[in-house]
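Trainee: Got a minute to walk through a model with me? I'd like to go over it piece by piece.

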Amino acid sequence: MAFNGRVIDISENGICIRLGITEEGMLKLLHFSALPLKEEEIHSWAVHDGFPLVNVNIAGADRPYERQGNQYIVTAPGYRMKYIDHVITRNDEGMVLCVTSGDEETGIQADTLMQFYDGIPVVRMKNIVRNVGDAVQTVDYVSGFHYEGFEKEGAGEPENKLRVFVPHNGWQRELNWREYKLSDLALERNQSVETQRTSKIFKVTNTGNWSTKEYIPMGLIVNRETGSGLFWEIEHNGSWHWELGYQFGHMYVAAAGPSEIYSHWSKDLAPGESFESVPVAVGVSAAGTAENAVLNDSFASLTRYRRIIRRPNEDNRKLAVIFNDYMNCLFGDPTTAAELPLIDAAAAAGCEYFVVDAGWYSAGPWWDSVGEWEESRERFPNGLSEVMDYVRAKGMIPGVWIEPEVMGINCALAKKVPDDWFFMRHGKRVYDRSRFQLDYRNPEVVKHMDAVIDRLVNEYHVGYFKMDYNIEPGIGTTLNADSAGDGLLEHERAVIAWLDGIFERYPDLIIENCGSGGQRMDYAMLSRLSIQSTSDMENYLDYAMIATNAPTAVTPEQAAVWSYPLDGASREETVFNMVNTMLLRIHQSGHLARISDDRRALVAEGISVYKSIRGDILNSVPFWPIGLAKPADPWMALGLNCGERGYLAVWKLPARYGAARTEADGAVSLPVPEWVKSAECIYPAENDIPFTLDAGAHTLGLSTDKPACARLFRLS
């Protein structure tokens, strides 16, 4: 295709972008890839109607072109947005491109902002939509990233060359990635229809305040023929949506925050008002056709990018070891008598923070009465301060669990405050699991929770908060909002602003992001909070998959993984528990005061080894020698490349989930980077599993008849 119009070419950090301006002035995104554009790959007849840079839809605007079903294509006025201007500047991170487009008929304009990052093939994109007209306009969709034509590179059929990676997520089954052919998604190309338009799309959506209850807000497409890839991450702590489909003969990906169709969102813009879309990070790779090359390269780039966008903090430089009394330990039933021996054992093992989890504020069952966050004297006869002071006397920093966005229906305060403290729909407070959802748009709610934080920090010397979130309030609140989704989005942005205010007052405070484990694992939250609970998984064998895949969604130094050696645990069970955590962040738990001396020694050894390598972890990028893990896999492996050296965690799993084991499953050959010349097992120190490094073939081989085991290696 020879494009008849003006083009703007951007080549930055390995990203090749071409913007097109048609003869009628319409603005197009013709190319976004690690590979340069070959113009003949674009269908010429598709350009006039397709390839929008920004999709924005407003109520009452007509679409003359087909939009099949619930696809977010051919939006109005998105399909006719015309180029106005573009400006290139630079800041501390890298180049910034701002492209302005508009529609005279509706008075809608959009600034498409692209923040580049020097040395990293990732762009952070968002659209700021303005009403420059003279009438109110209701916006019900704004794209964060929209790109048509990702399939065009290479000569092969999309079915043969493209693979789509999707991160399924769920309670106790977090980070469960799957790889799909297009036919697995019912997205095969119609061979007899050149234009290829269909109402069938593949969509990945979240509606509500648990941002990752079914999926992590990201995706990856690998082109196996060209050895290239395209990946994206929606940075939002609420409703979001991405989809793949066909339009005008090309395949497209559309990624955005909330929308009317999928999350009951719309926003009224009066003349002069604007709306800023949810940010979407988009990156590319040209790592080649070697197995897992594009996958490893993409997540390495995302890891570097995530470190740039998050709040600078000491926790992600120190990687402190945390003990938490909940998992396979006190399970929300803390008392002074139960805590003191745990504090002794945690300090002896080398832990640096000690967190009292749920239950410290109630004499008995506490689920439906949370919200005031006052200590329970029944549990702590001499006050919670006695326990907090004992933690500090043992050389650790104390922490507590809170759930700041909810108030139990039997909380005394909930019965006193007005309805506008809470989410409202149909004139009633929104219930979920015997809790109300607080509304952080209300300054009185913020004032209340600020006072709670201030009291716990200043009176109890709390240095760590585990901020949990255990309900799902659904589509949002209609009180003082243009739509339920509008109320939800503004609440979520208010929560982020509240967190920012906490760190202004207490910059050294550690706040853990938890949503029943990993149900809110997103980089709206993690750009502020230094550590993420990856799961509430209670079985250490099942945790291996979550730990293996954790760096796909979270930087290693932010990914907290439980280690909980059980009473009577065998040596291999204790080692397995520790290896789960040692390339990420240790969340130590279990009844350390009850387990045998030799098992406690294994825990202390693991923590000591972790402290010796954590300085490497904070600068590492992940790699997966045998690909991302699935629940039934016989072997799993996660590596960290630290430059001059690296580390490799390896797990062997017993037969589970209907998968049989064969004799061949007793051995594994793990590809390692070409720079690896030696390997040593660094945990446990007494290793009885044979391993061999073939430096010429770049493989590490292990063989064992143990049904389940784990080991940690240093690669040099």
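Mentor: Sure, and let's settle one term before we start: contact means heavy atoms within 4.5 Å. Keep in mind that this is a predicted model.

Trainee: Okay, then which residues does Ser143 touch, leaving out those up to four places away in sequence?

Mentor: Ser143 touches Val54, Asn55, Asn127, Ala255, Ala256 and Ser277, with residues up to four places away in sequence not counted.

Trainee: And where is Ser143 found? Is it buried or exposed?

Mentor: Ser143 sits in strand S9, residues 137-148. Its relative accessible area is 0%, and buried means under 20%, so Ser143 counts as buried.

Trainee: Let's switch to strand S13. How many of its residues are buried?

Mentor: In S13, residues 218-223, 6 of the 6 residues are buried, so the strand is largely enclosed by the rest of the structure. Both of its faces are covered: one side has Met218, Leu220 and Val222, and the other has Gly219, Ile221 and Asn223.

Trainee: Which strands is S13 joined to by bridges?

Mentor: Strand S10, residues 162-168, is joined to S13 by 4 bridges, and the two run antiparallel. Strand S14, residues 228-234, is joined to S13 by 6 bridges, again antiparallel. Leu220 is a handy landmark: Phe165 stands opposite Leu220, and Leu220 also stands opposite Phe231 in S14.

Trainee: What about the hairpin of S13 and S14, how many residues lie between the strands?

Mentor: There are 4 residues between the strands, and Gly227 takes a positive phi near 65° in that hairpin.

Trainee: On to the helices. Which residues of H7 are buried?

Mentor: In helix H7, residues 384-393, the buried ones are Leu384, Val387, Met388 and Val391. Looking down the axis of H7, the buried residues fall within an arc of 95°, so they line one face of the helix.

Trainee: What do the buried residues of H7 pack against?

Mentor: They pack against helix H6 (336-349), strand S21 (353-356), strand S22 (397-402) and helix H8 (443-460). Just after H7, Gly395 takes a positive phi of about 85°.

Trainee: You mentioned H8. How do the axes of H8 and H9 cross?

Mentor: The axes of H8 and helix H9, residues 484-505, come within 11 Å and cross at roughly 35°. The crossing is right-handed. On the H8 side, the contact is made by Val446, Met449, Asp450, Ile453 and Asp454, and on the H9 side by Trp498, Ile502 and Arg505.

Trainee: And the nonpolar cores? Which residues have the most contacts inside the largest one?

Mentor: The largest nonpolar core has 135 residues, and those with the most contacts inside it are Trp360, Ile402, Phe465 and Trp651. Apart from that core lies another, of 79 residues, among them Phe51, Ile73, Ile201 and Val284.

Trainee: Which residues does Phe465 touch?

Mentor: Not counting residues up to four places away in sequence, Phe465 touches Val400, Ile402, Ile453, Leu456, Val457, Leu509, Ile510, Ile511 and Glu512. Ile453 also takes part in the contact of H8 with H9.

Trainee: Last one: what order do the strands take in the open sheet with S23?

Mentor: The 3 strands run in the order S23-S27-S26, with antiparallel pairing. The edge strands are S23 (406-408) and S26 (431-432), each pairing on one side only. S23 is joined to S27, residues 435-437, by 3 bridges, and Met407 has Phe436 as its bridge partner in S27.

Terms used. Residues numbered from 1 in each chain as written. Predicted model: local features only at pLDDT ≥ 70, side-chain atom pairs only at ≥ 80, totals over all residues. Heavy atoms only, no water. Pairing = 2+ DSSP bridges. Core = buried A, V, L, I, M, F, W, Y, C linked by side-chain atoms within 4.5 Å. Buried < 20%, exposed > 50% of the residue type's maximum accessible area, 1.4 Å probe, protein only. Arc of directions from axis to C-beta. Axes fitted to C-alpha atoms, helices over the stretch in contact; angles between N-to-C directions. Left-handed = near helix turned anticlockwise from the far one by under 90°.
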